[in-house]
Amino acid sequence: MSRKLEMTDISVLQIGAKDWTSHIHAPNINWQYTTILDLPTRLAYQKDPYVLEQTYVVLTDDILTSTLLSSQINHWPARRTIYFANQVTPDFQTVLDERQAFMVSEKTPEAIVGYLQNDLHFEQIGFATRFSEQQFIPMPPVGINFKREGRFSAQFIGDFGEAWQQIGTLNTSIGDLAPTVENLVWLDYTQTNTVAVKLEFVYYRDGHVQKRQAISGDALRELTAVGGLDNYQNYQILVFASGQGTLDLHVLHQRRSRHGLGLLLPGDDWQLTDEHEEVLSYFNPGNRQSPLVVNFSSMHAHADGFDMRESMNTLESPYLLFSDVRMQGGAFHIGTETYEKTIIETIRKTMKTLHLEPKDVILTGYGMGSFPAMYYAADIKPQAVVLAKPIVNIGTLTENIDFPQAVNQDWTLDVRRFLAGRMHPDDTNGLNQIFWHHISQIDWQKISVSLMTLTQDEYDGQSLPQLLDFFSAQHTPLTHVQEVGTHMAKFPEMITFMMTQLMYLKDHTRRGKGVE
């Protein structure tokens, strides 16, 4: 599947002493210009003078001191300002930091166009090259034992020797790497004893090797740049091992490089725990007023991404998005104590940045994201939870061996292996109790729940009566809407329901009335 970046239209308002318009030759960029002094007049002629009509504002002066300009930026949406000034007054810098402005190092018109087209677009380009039967061709050397567990665990056991030996090849797709653009990669794997792994990216043109790039050691646990060639035609990823022990290969994560300005979205955050689990989050401070909405992504089977960004922008409140793309499409945003602690600390850090309390927080999610929205309520104690198409009994979901054969390609089986450490029928109840034990630790009378369900939800539909009984026993303030359809149906209605509930909660929070 091709993942070439589409050149979507971008509108820009340049503010500075010198007009760059004549130097902008990109057909997809609508470049407009004003001086600082002319800015109020320009805004007065807009349909709504308080709205930023452009995608980005670019400040092209080397010195930023204007209180008029900083005041305007302070009222515009966050993450929409680009600057490169080397002299900024402290008050102006505070505004730029609070509005999450992007500081870039290069200051020419050509460089700014490059940032806009390559690094600050909103297309989320990330995917996994997996060690599955379809994508990984194992080549175990003599004396090395090879076995699979699930679809995303390829294990090699034995003594590989001191020199690197090839143990397999990862299949790639045309478009995984776009010409001239780098991908950032990191490898999800485990190892024991002295065994080590190396990846070698081999680029071809006209049937000949054009270039080789090798990654090993610490670079595999970091976001390392590969690609960036002008004219390659295709590439392979060769996998090597050395040393002695067990090597368990899971997923090679690849994301289009934004050259330090984000990963999946401009300005998002990537964390890797000590146990090598990544936590992807995206914070937009909105208008910095309560409530803070925290959304957990649903399953992403084929491409990495955050959910609900565009919808959240219409709410104008601060929001924090999480994306879980471990294995094929996520593991319900839970896992080790360190992983869950990282999620909780990220939420609390965001609350502290905004000077908000737990009563100012709303947790949301649909599908796979509904689970963590309720799960982490026990830790955050929010004012409300907004859910759709809930999945709560992970054990029941993952014991159905027939279910994954449709579109999920054994995702549920690997979730079971990942969370329980094995795939065994005796683990069903224990996996189910992860959810019920955790959420029972708080008083749900103090948390408002908005819930949308579907009558033929085949994912975890049988758990709905159990969930409703729990909320009833807890005397939870509950708004429940039910639609006819299966799990994948009624997506527009679902988004409408969630945003309507969030708007209602926001309005009541800001009026100081609480939730009725």
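Colleague: At the start of α2, what makes the Ser66 side-chain oxygen and the backbone nitrogen of Leu68 a polar contact?

Modeller: In this predicted model, the oxygen comes to within 3.3 Å of that nitrogen. A polar contact is a pair of N or O atoms within 3.5 Å, one able to donate a hydrogen and the other to accept it, and neighbours in sequence count only if both atoms are side-chain atoms. So the pair falls inside the cut-off.

Colleague: Any ground rules for the numbers?

Modeller: Residues are numbered from 1 along each chain as its sequence is written, and side-chain values use heavy atoms, with hydrogens and water left out. As the model is predicted, local features need pLDDT of at least 70 and side-chain atom pairs count only at pLDDT 80 or more, while totals for chains, interfaces and linings use all residues.

Colleague: How do you know which residues of α2 are buried?

Modeller: Buried means under 20% relative accessible area, exposed over 50%, partly exposed in between, with a 1.4 Å probe and protein chains only. In α2 (residues 67-75; a helix is a DSSP run of H or I, at least four residues, and a strand one of E, at least two), Leu69, Ser70, Gln72 and Ile73 come out as buried. They cover an arc of only 160°, taken from the directions from the axis to the C-beta atoms, so they sit on the same side of α2. Thr67 and His75, on the face turned away from that side, are exposed.

Colleague: What do the buried residues of α2 pack against?

Modeller: Going by contact (heavy atoms within 4.5 Å), they pack against β1 (10-15), α1 (39-44), β3 (56-59), β5 (81-83) and α3 (90-98).

Colleague: What makes Glu98 and Arg288 a salt bridge?

Modeller: Their N to O distance is 2.7 Å, and the rule asks for a side-chain nitrogen of Lys or Arg within 4 Å of a carboxyl oxygen of Asp or Glu, so they qualify. Glu98 belongs to α3 and Arg288 to the loop between β18 (278-284) and β19 (292-296), so the bridge ties together parts 190 residues apart in sequence. Glu98 has a relative accessible area of 38%, hence partly exposed; Arg288, at 27%, is partly exposed too.

Colleague: How many salt bridges does the structure hold?

Modeller: There are 13. Among them, Glu149 and Lys147 have their closest N and O atoms 3.7 Å apart, and Lys490 meets Glu483 at 3.4 Å. Arg255, Glu278 and Asp304 are joined into one network by salt bridges that share partners.

Colleague: How do you know that α6 has close to the expected span?

Modeller: Helix α6 (residues 337-354) has 18 residues and reaches 26 Å from first C-alpha to last. The expected span is 1.5 Å times one less than the number of residues, which gives 26 Å here. Just after α6, His355 takes a positive phi of about 60°.

Colleague: Why call something a nonpolar core?

Modeller: The name goes to a set of buried Ala, Val, Leu, Ile, Met, Phe, Trp, Tyr and Cys residues joined through side-chain atoms within 4.5 Å. The largest one has 53 residues, and those touching the most other members are Val294, Phe332, Ile347, Met374, Tyr376, Val385 and Trp444. Helix α6 supplies the largest share, six residues. A second, separate core of 29 residues includes Ala154, Leu220, Ile237 and Leu252.

Colleague: What does Val385 touch?

Modeller: Leaving out residues up to four places away in sequence, its contacts include Leu363, Met374, Trp444 and Ile447.
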